[in-house]
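Dear colleague,

I am passing on to you the structure that I have been looking at, together with some notes on its pockets and its surface. Please look it over first and then read on.

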Amino acid sequence: ETFDDFFKARWIFFTGNNQGTLLNTFLVELSKAANTFTSISLLFAHGLQFVCYISVPLYIAWEVTFIGALAAGLISIPFLKLGKLNYRLGRDKAVQGNVATDLLQELLSNAKIILSFAKQDQSLQKLKTTYESLLRTGVKAQTLSFSTPLLYEPLSILVVIVILLGFREY
């Protein structure tokens, strides 16, 4: 279906973009479509897991559970800014991926010309610079993406300790 939609686009879509950009965009969108089913499955599984985890504390003491959920919500507020940063890094990574794929496709298409004019070094340097930029942005995005959940764990443990110490009477 994605392939069908891709070729139903207007002529200006193909003439206004480079082949590498079109190729990268198509592959990224195809990957997103393939990962959608996994994401939906994980959403349902985590939702069920949340219901199971929250039912026990609600049964034991709903007041303490409510205060704990409120404290966890307050601690989560700074992570909203990280979400915006993560979005911006992802967007930059997609743009740089388009540029890198475009350059690679251009170099492969013009390989005979590059070789005949002995421009291999310039072409390789251009490709290296482009991919280093993509790599730097990718590392930042992946570091943020993997470290954010790890920051939640110690903060969650801190909330639980404060609640346990503060509400020993219950």
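Helix H4 gives the most to the nonpolar patch, with 7 residues, and the patch, which is made by Leu58, Trp62, Phe66, Ile67, Leu70, Leu74, Ile77 and Leu80, covers about 860 Å² of the surface. Please keep in mind as you read that this is a predicted model. One of the residues of the patch is Phe66, which is found in helix H4; Phe66 counts as exposed because its relative accessible area is 54%, and the cut-off for that word is over 50%.

Turning to the pockets, the largest has a volume of about 860 Å³. Of the 24 residues that line this largest pocket, Tyr53, Ile54, Pro57, Thr65 and Val160 are the closest to its centre. At least two residues of this lining come from each of helix H3 (19–60), helix H4 (62–109) and helix H6 (120–166), and by class the lining has 18 nonpolar and 6 polar residues, with no charged ones.

The second largest pocket holds about 260 Å³ of space, and its lining consists of Asn24, Thr25, Val28, Glu29, Lys32, Gly90, Lys93, Ala94, Gly97 and Asn98. The elements that give two or more residues to this lining are H3 and H4. By class, the residues that line the second largest pocket divide into 2 nonpolar, 5 polar and 3 charged, whereas the lining of the largest pocket has no charged residues.

With best wishes

Technical notes. Residues numbered from 1 in each chain as written. Predicted model: local features only at pLDDT ≥ 70, side-chain atom pairs only at ≥ 80, totals over all residues. Heavy atoms only, no water. 1 Å grid on protein atoms, 1.4 Å probe; cavity = no way out; pocket = protein on both sides within 12 Å on 5 of 7 lines; lining within 4 Å. Points joined across faces, edges and corners; volume = space filled by probe spheres on them. Helix = DSSP H or I, 4+ residues; strand = E, 2+ residues; numbered from the N terminus. Nonpolar A, V, L, I, M, F, W, Y, C, P; charged D, E, K, R; others polar. Patch = residues over 30% accessible without salt bridge, like charges linked within 9 Å, V, L, I, M, F, W, Y side chains within 5 Å. Areas by Shrake-Rupley, 256 points an atom, 1.4 Å probe, with all protein chains shown as cover. Salt bridge = Lys/Arg side-chain N within 4 Å of Asp/Glu carboxyl O. Buried < 20%, exposed > 50% of the residue type's maximum accessible area, 1.4 Å probe, protein only.
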